[in-house]
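Dear colleague,

Please find below the structure that I promised to pass on to you, together with some notes on its aromatic rings. I hope that you will read the notes with the structure open beside them.

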Amino acid sequence: MAPGLTIKRIPAGSDTGSTLRLISGLTGSRTLAKLTIPGRRWRHAGRMAFVLAAWSPPAGRQALCLRLKITATDRRGKRIGRVGTSYTCLNSSEWTWLGLRTTTPAGAAAVHVHLERRSANYTRIELMIAGAPRAKTSRVSPPVPPPSSSPAAPPPPLSRPKIRPPPGPIARPLTFLPRDFRLDPALKRPRILLTDAALPRYRALARGQGRVLFGPLRDLADRFVAEKIPGRPFAASRPGPDYGRRPLLLAFCHRITGDKKYFDAARRWALAISTWRDWGRGRSANQSLIAAHLLSDLAVTYDWLAPSLPPEERRIIRLKIVLQAELLHQALTKPGGAWWNQAWRHGRLWIGATALGLAGLALSGDVPRAEAWVRAALDTYRRINTVLPADGSWPEAAAHWGEAVGAMTVFYLVLQATTNVDPWPTCPWLAKTVLFRLYNSRPDWRGVLNFGDGPERDRAGYQLEIIARAYQLSLARWLALRTINPGDAYGLWGFLAADPDLKPTPPDDFPLFRLFADIELFVVRGSWGPKSTLIAFKAGPPGGRRNAQARLVGRRVFIGRCHPDQNSFVVLAGGRGLIVDDGPTALKWTRDQNTLLVNGRGQRGEGLEVFHDDRPEDSLKIGLKVVLATPFLAVAEGEAATAYPPDLGLQSYRRLILFLPPDLVIVRDRALTAAEASFSQRFHFRGRLRQATRPGAYDLVSAAGDVVLAARFLSPRGVHFETTPYRGKVNGRQVRQTVLAATNTDRARRFSLMAVLRPGAGPSALADLTPVKNGDVWGWTWALPERRMTFLTRARTGPLSGPRLAGRARDLFCVQDQGGNFVAVGLAGRSLIVSGKKRLEAAADLDWTVLGRAQVMVALFRVSRDTRVTLFPGFVPQRVSVGESVLSPAAQWAQKRVTVQLAPGARWVILRGPRAPRLPPQLSPGSRNRWLFAR
């Protein structure tokens, strides 16, 4: 056992036998623990469960990477079975778990547990080992053969049956996809959803509530009937059309309507696809995305058409499915196989696993190898479910989210309908990811945000219909009805999964802001209306924080669809994209993003067709430093200095974004280099850009001419503005954009720029903007009949004063109504005086504080050891949190003054005012407590 590890026995549960807990301190050993559990405790168990709960401190730069191995030995000490996990990267500063289930083989005298690490900085690890001595052997265990004179068969290997999770301090239930499955014996082919027993219900749905979905699908099938089958489909196109959807949709319409023309067309297409020598082009033709789509579509088509096909045609199609499935199985499971076989959070692996699983389910009972294909798919999704983030986010663009989630949901839908496996409880991420699609939707619901290499349209709808049915989510059904594409053949899965009894519910009661902590994407909008303003700010590591941790320990993680776009943002309003992302491009350049160039150069990994991050340790330093959202103000600030090559000497690049509902956006940039450099801030507009009368003032007229974005730029230094045309591709079409580049006129070490943006109906939206300049203090004031705003900033903390405001701060912001009453007051500093009365004082700089209407106080600030924060009259905190504990013993409560003494090592404090409503459950602070949301 490694130094610093101790074993503590804790009481056994009523149904788990016994439990051991390991508590470890810091150690440099690779092997953390080796335990031997005597056979007397497991001889009658038949099954065991192992759960690892681990925590890594936020100061650690390395990811927590652990591996758990279980070995069974006989009385002579000979190994008779082994099962284990691969090295798994766990988030730092976050409790997480790693679980393993197993069945003890016959003749096992001892079980050995081996826990090892690859690299980690941790302070505590708990390993709970639980078993059930009187439990019955799992039904999937191999049957005992009858006595015979033949030599005894070797003991069966360790298997992984489904068991109840053991008790312990784990954050989520321990559920796994089982390795083995059993087909429903009552099902006859067709067995995938469109069974003979289910046909009357689906036909009634097509004539009733589902005719809105079935009508466009039948019209599309009619076009496929008359379409000519190509001879060499992959010779000229890249990546190639979705030919497999033709026979799939035609077979679907044949089963629903019984029309023979659909059967004849589906039969011709299926035979033609089966005679194509290769599916795809190049060296990886039969392992490509085209091959996976063709395999899954042809397998389901075979199941639906097989009872009516002649024996020879059925044999031809079946042989082609077997050949392609074996090639895909080797690519998925063979060491050193396809490049994507360990890309757990990449859609290419999900689509391949689904294709293999559907082929196995369609051919089970006809082909002996079919069960191995399904097990490979189950193993893949079991591993995928362990690396999905808790926030439901996706590291690629929202359009690619649709492809990956579509593959998973279709496989789970078919798996549940044809076998004894219920996969939905094993993946709670699917229920949460609906919010990712919701907040990444354009306000008019006609597209998605296209950060990264993704288009503005996706194939959503059917995925959401399946999720809505599986988890009974009325919001998912509402979103599915607005995003489903009637011209997409895969809409048939949405028809098959539709639940007419589930009433759709709009997101009117959901917050208008959302943070996805893994990819560190912050989205906020003015309302849920189709013409509202939407701002999205992207500041996380390329591919997300968990992917960066995996790359740090040498795991193969594909992030080629990412762009060098850290600290980039987009603005949409009036149903139009105003400040836009470049979307899918051949080469990835920072100059095509809404972010900073230093000496004409961009971020690491630019200039390549496939984005590459060669310094994951620097990528982990990228991220949001402050995120704070209230009904009257939203604040986000990101740091992206380490996203740039080290030779540029960029020491800091912070972008602060403030959003004042419903339509005002403020962007403040600060950059600092070790030597003099040239800085260029770029903003990509879609439409016409015209310069207003005042220097640094521009009006953007949208491409349709119905929305104007007023833009005013302020800087304490001389900045040269230049507009240039830019032609890019979005959804394969050339679009015309205008680039506004703000470049410093002389080389300097510091760069500051502030942009005030407001969508409106005319160029006078910001006519009353007044710049303020006083020494190193600069900012602006802006007055409208209903409100007045002031924002003051300086390079470092010092005295700042505004209307009835004063304090020692870096930034000071306030909003007043017609009567001069404060609607919101924001501060980044140490002290605040409002109308001559001190309201807040701290020993260290506050990252950001907002004092709002009705005495609601929302504060988020970084603290150090023994930091003292004093709150003055009118702002008695309702709750004081440090980490995951409430500091009620450490707070000295008084009627008008509260002093909070922070615990040693505390990093973040969250304060909420007495009248602030409770946080909604979907917006509760994460385990790292870096974010605060209040309604």
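Tyr243 and Trp276 are both buried, and I should say at once that the model in which they are found is a predicted one. The two residues form an aromatic pair of the edge-to-face kind, with 5.6 Å from centre to centre and 75° between the planes. Because Tyr243 belongs to the loop between helix H2 (211-225) and helix H3 (245-257), while Trp276 belongs to the loop between helix H4 (260-275) and helix H5 (289-305), this pair ties together parts that are 33 residues apart in sequence.

A second pair is made by Trp350 and Tyr381, whose ring centres are 6.3 Å apart and whose planes stand at 75°, so this pair too is edge-to-face. It links distant parts of the chain, since Trp350 sits in helix H7 (residues 347-363) and Tyr381 in helix H8 (residues 370-387), 31 residues apart. Both of these residues, Trp350 and Tyr381, are buried, and they also belong to a cluster, linked by ring pairs, that includes Trp394, Phe411, Tyr412, Trp424, Trp429 and Tyr471. In total, the structure holds 31 aromatic pairs.

Which residues place a charge over a ring? Arg245 is one of them, lying over the face of Tyr490 at 3.6 Å from the ring centre, and Arg348 is another, with its charged end over the ring of Trp340, 4.2 Å from the centre of that ring.

With best wishes

Key: Residues numbered from 1 in each chain as written. Predicted model: local features only at pLDDT ≥ 70, side-chain atom pairs only at ≥ 80, totals over all residues. Heavy atoms only, no water. Phe/Tyr/Trp six-rings, centres within 6.5 Å; stacked < 30°, edge-to-face > 60°. Helix = DSSP H or I, 4+ residues; strand = E, 2+ residues; numbered from the N terminus. Buried < 20%, exposed > 50% of the residue type's maximum accessible area, 1.4 Å probe, protein only. Lys NZ or Arg CZ within 6 Å of the ring centre and 35° of its normal.
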